[in-house]
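Here are a few exercises to work through with the structure open beside you. Try each one yourself before you read the solution.

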Amino acid sequence: MSFEPFALHARVLSGVRAVGYTDPTPIQTQGIPHVMAGRDVLGLAQTGTGKTAAFALPILDRLVRDPKRGVTRALVVAPTRELAEQIHQAFGELGQATGIKSATVYGGVGMNPQIQALNRGVDVVVACPGRLLDLLSQGHGDLSRVEVLVLDEADHMFDMGFLPDVRRILRQLPRGRQSLLFSATMPEAIRHLVDETLTDPVTVAVDRSAPAETVAHALYPVEAHLKTELLRELLRRWDARRVLVFTRTKHRAKRLAEKLDGGGLFVSSIQGNLSQRRRQEALDGFRRGDVHVLVATDIAARGIDVAEVSHVVNYDVPDTEEAYVHRIGRTGRARHEGDAVTFVTPEDTDMVRRIEKVLGERIARERLEGFDYDVPLPARLDADERRFQRGGSAGGGQRGGARGGGGRGGLSRSPAGGGRPPARASTGEPRPSGGGRPSGAGRPSGGGGASHPRPQVVAPTPQHAGGAAGEAGAGGRSRRRRSRRSGGAGARD
Ligand code: AMP
């Protein structure tokens, strides 16, 4: 199916062509007709499904057909600055021929441009709740003529404690508006929000709690102290330019990036401590392919939208199965293919079982050929390394997770992220034998000692999980062509 049947305005369709979308994704196919018909919609879809265009295209269509100057007519509320920026960019790209303007409103950056945009009555405001409320309470902006409200990633807004702010914003909106709410999961609090916000909604559900079908999953059982060396070895063997690595804590993210960086491999981390500018630099470097490996915590990684992340590595298992789905949602996006690799220690058995239940299948256990799994933990460790090692297994050291774990273990609950620029880090740690490796682009392709079977993921909803389990074993029913790897993801940019 193409985009033609939606009967979008010609100038909106030209934006679709300009960004290169040929076929709508399932959330777009199912959602766009209802949004265009003016219905309230509950979209159960995780990021990576194409949900932004599912609401942006009908909004652009509505605004371009009946232009009004100096009036804010659509409000999108998002939990993080990154997500707000991505939505704003999507409006800019998809609406490039429409003349419709959007602006972002979020904390951590100067207020003046945001105040000007609000007071000008920019067509579409894409905002994080806190700053928007601040500016509204100072008398800036007017939401009384908003025709469409979008609450995006509502479950994350709940996680981050934003629902009271969201409710305050809702009180400033006209009653007769159209409302759209997107959420990957449906905790009780979101059900209440849905009841309060949406009128007679249509529910559109896409792969509710399962990662994209194009992701192949693998577990690598390994002792905690060998994780770094195993990752280094995997990175050496993969011909990958964009690898996203998750750790449990900010400290571990920073330290791991420092350990891995070097020898032609450019590694950066994003975690809660640095400025928005530095964080953006790291993300931009990752997008461009200058940063090959980005190490992140769950919260810092929210909203990251980098096309063609080839591998997601769970250096530490996530705290919840939902966090696994969110992490993995960063690869295999919009029909690209990706690998999800999880390092597991014996303490992680319970979480692995829960993840497998959500996936509806057993994940293949892999052993990396030629890797020395018998190296003991060094008897002497410096203080920093001891601290790093203590966080290496479930229950040991600091933890923080996607769901309310932000207060512990140094993970920030704030939507604000931080990061370090994509500059080289000095590690102080001896390089693995062989003295590093050439950069991603120059490495020989297809050296894949790290290959693993590619079970087909049936993308079950949790309700179906049990039924799917029997059908989708690790039989390697791959939908993917292995030759993808040898192409070098970076070359396609
Ligand atoms: P989202 O779920 O909105 O964050 O979208 C994830 C990614 O999919 C973004 O990089 C979009 O540009 C891309 N995307 C959205 N819709 C389509 C489509 N119909 N065809 C190809 N890519 C798409």
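**Exercise 1.** Find what covers the buried residues of helix H15 in this predicted model, and work out which residues those are.

*Solution.* Start with the cover: it includes strand E8 (215-221) and helix H14 (321-328). Next, go along H15 itself, residues 349-359, and pick out its buried residues: Met351, Ile355 and Leu359. Why do these end up on the same side of H15? Because they cover an arc of only 80° around the axis. Now turn to the face that points away from this buried side, where you'll meet the exposed residues Asp350 and Arg353. Last step: look just past the helix. Gly360 follows H15, and its phi is positive, near 75°.

**Exercise 2.** Work out the strand order of the open sheet with 7 strands, and say which strands sit at its edges.

*Solution.* Reading across, the order is E3-E4-E2-E5-E6-E1-E7, with parallel pairing. The edge strands are E3 (102-105) and E7 (202-205), since each of them pairs on one side only. From one strand to the next, the twist averages 15°. For a close-up of one pairing, take E2 (residues 74-77) and E5 (residues 148-151): they run parallel and share 4 bridges. One pair to look up is Ala74 with its bridge partner in E5, Val148.

**Exercise 3.** Which strands does helix H4 touch as it packs on the sheet, and which ones does helix H9 lie across?

*Solution.* Take H4 (residues 81-94) to begin with: it touches E2, E3 and E4 (124-127). Compare directions, and H4 makes about 175° with E3. Then move on to H9 (residues 188-197), which lies across E1 (41-44), E5 and E6 (178-183). H9 runs at about 170° to E6.

**Exercise 4.** Zoom out: how many helices and strands does the protein have, and where does pLDDT stay under 50?

*Solution.* Count the elements and you get 18 helices and 15 strands. Of the 493 residues, 52% count as buried. Then look at how contacts are spread along the chain: among those with a separation of 6 or more, 79% are between residues 24 or more positions apart. Now for confidence. The average pLDDT is 77, and 74% of the residues score at least 70. The stretch where pLDDT stays under 50 is residues 394-493. For that stretch, the model has 246 contacts beyond four places in sequence.

Definitions and conventions: Residues numbered from 1 in each chain as written. Predicted model: local features only at pLDDT ≥ 70, side-chain atom pairs only at ≥ 80, totals over all residues. Buried ≥ 20, exposed ≤ 12 C-beta atoms within 10 Å, placed from the backbone. Helix = DSSP H or I, 4+ residues; strand = E, 2+ residues; numbered from the N terminus. Arc of directions from axis to C-beta. Contact = placed C-beta atoms within 7 Å. Pairing = 2+ DSSP bridges. Axes fitted to C-alpha atoms, helices over the stretch in contact; angles between N-to-C directions. pLDDT = per-residue confidence, 0-100.
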